[in-house]
Amino acid sequence: MKVFLFLLFLLSTYSYAQSSGHDHKEKSQGDHHHGMHDNDHHGGMMHGGHKLDPTTLKQFFEPLPASIIDENKHAALIGLGKKLYLDPRLSINDKISCSSCHQLDNFGVDSQPTSPGHEGKRGGRNSPTTLNAALHIAQFWDGRAKNVEEQALGPILNPIEMGMPSEAAVIEKLKKIDEYKAMFAEAFKGEQDPIQYKNIGVAIGAFERTLLTPSRFDDFLKGDEKALNDTEKKGLQKFIQMGCVTCHNGVAIGGNSFKKIGMVEPYDTKDLGRYEITGLETDKKVFKVPSLRNIAKTGPYFHDGSVATLDEAIREMAEHQLGRKVGPGFVDDVKAFLGSLTGKGKE
Ligand code: HEC
Ligand code: HEC
């Protein structure tokens, strides 16, 4: 029996290698049904079988850097950014701050499918986490802001988010607050008129650049083999082998490319994603591939917040992006691996 299982394992590794090149998509498309036995009948054989050697890991992932902003040099700017991030006075009725939808004590999210703004109205998209967001190639689900500095200026004037009527109205409000006069002057030393709309973005962005969450997976990537348990390692192997890693890779395990939702099996959504920005036919239903850091804590999932659990998100991804039906063995192991991406000390 053992020998048979081992042969089966070798065979499926081989068949994966055969189909993992450019033709992977096409191959799995007409091949839905073998997904099940391919991934769930290995039992314990998987682990230790597929190599998680440093060369393989380096090919796909990169540990989180210690920091991406000099926190000593920019202490005043970061302090100002944090204050602005938490301040509901940036909204028309003094009730909504960035942290209402991106709660710092709740993994940078509000745990709702879509978020209520200053009048309780909701937009059509789920609030992504601000944690590690500064690492992404661009901001928003459709990438319409180029970085966190530019992004931060959007929600303040967004009529259904913080609802301020104009840049001038925001500046007028802040100029009446003595504390801000002092803080902007300190953060933007040498500038004649430091309370400017663009500087709000610079400060909030600087603060967001400090929101990195090193995880056990980073320790593992840096060579601490004990940082992940056996189930998590098995999940990582499956994540690589199944092809999740073709989109979710790099330092944020995602956040570095744009891909269509429904690459293989069409996904039902009215949101056209990047198409609304670029107008390109090929950008229909294309979204930024989300980072999977802290993913166990940032549900509900997908741009529309329509998926309540991580189990379901994993199943839907396998089906829509890779054309594979996966069983509970795959889901449990991959979920265990994804749990190792939660910031240390917050698991
Ligand atoms: C009413 C809820 C709400 C408020 C208030 C809000 N946001 Fe957001 N935020 C969202 C939603 C929803 C999105 C996704 C919108 C989209 O992609 O079109 C988003 C996207 C983002 C992103 C992009 C993250 C990524 O992975 O692409 C960042 C960063 C961010 N917000 C920071 C902020 C900051 C800073 C503030 C305060 C100035 C703020 N948000 C205020 C709901 C909110
Ligand atoms: C072809 C690229 C691609 C592949 C392959 C892929 N994903 Fe995704 N993934 C995406 C995109 C794009 C989204 C955002 C979809 C949306 O919200 O419309 C996403 C979203 C997710 C989410 C939800 C993230 C969030 O913040 O809501 C999870 C979890 C996820 N993927 C896990 C996986 C797993 C596990 C696999 C392998 C079974 C996988 N993905 C394979 C591109 C991919």
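A residue counts as exposed here if 12 or fewer other C-beta atoms lie within 10 Å of its own. In this predicted model, Ser166 has 10 such neighbours within 10 Å and is therefore exposed. Ser166 sits in the loop that runs between α8 and α9, the latter spanning 167-175. Some way along the chain comes Tyr197, 31 residues from Ser166, and the two C-alpha atoms are 9.8 Å apart.

Stepping back to the chain as a whole, there are 347 residues, of which 42% count as buried. The secondary structure comes to 16 helices and 2 strands. Contacts across long stretches of sequence are well represented: taking the contacts with a separation of 6 or more, 70% are between residues 24 or more positions apart.

One helix pair can be looked at in detail. Helix α5 covers residues 75-86 and helix α11 covers residues 197-208; their axes come within 7 Å and cross at roughly 100 degrees. A crossing angle of 65 to 115 degrees counts as roughly perpendicular, and α5 and α11 are therefore placed in that class. On the α5 side, the contact is made by Leu77, Ile78, Leu80, Gly81, Lys82, Leu84 and Tyr85, and on the α11 side by Ile200, Ala203, Ile204, Gly205, Ala206 and Phe207. Sorted by class, the residues of this contact are 10 nonpolar, 2 polar and 1 charged.

Two ligand sites round off the picture. Around ligand 1 there are 26 residues, and the nearest of them are Cys98, Cys101, Phe140, Trp141 and Pro155. Three helices, α6 (98-101), α7 (148-151) and α8 (153-157), put in at least two residues each. The largest share of this shell is that of α6, with 3 residues. As for its make-up, the shell around ligand 1 holds 14 nonpolar, 10 polar and 2 charged residues.

Ligand 2 has 25 residues around it, with Cys244, Cys247, Tyr301, Phe302 and Met317 coming nearest. Here the largest share goes to helix α15 (residues 310-322), which supplies 6 residues of the shell. By class, the shell around ligand 2 splits into 18 nonpolar, 6 polar and 1 charged.

Methods
Residues numbered from 1 in each chain as written. Chains lettered and ligands numbered in written order. Predicted model: local features only at pLDDT ≥ 70, side-chain atom pairs only at ≥ 80, totals over all residues. Axes fitted to C-alpha atoms, helices over the stretch in contact; angles between N-to-C directions. Helix = DSSP H or I, 4+ residues; strand = E, 2+ residues; numbered from the N terminus. Parallel < 35°, antiparallel > 145°, perpendicular 65-115°, else oblique. Contact = placed C-beta atoms within 7 Å. Nonpolar A, V, L, I, M, F, W, Y, C, P; charged D, E, K, R; others polar. Near = placed C-beta within 6 Å. Buried ≥ 20, exposed ≤ 12 C-beta atoms within 10 Å, placed from the backbone.
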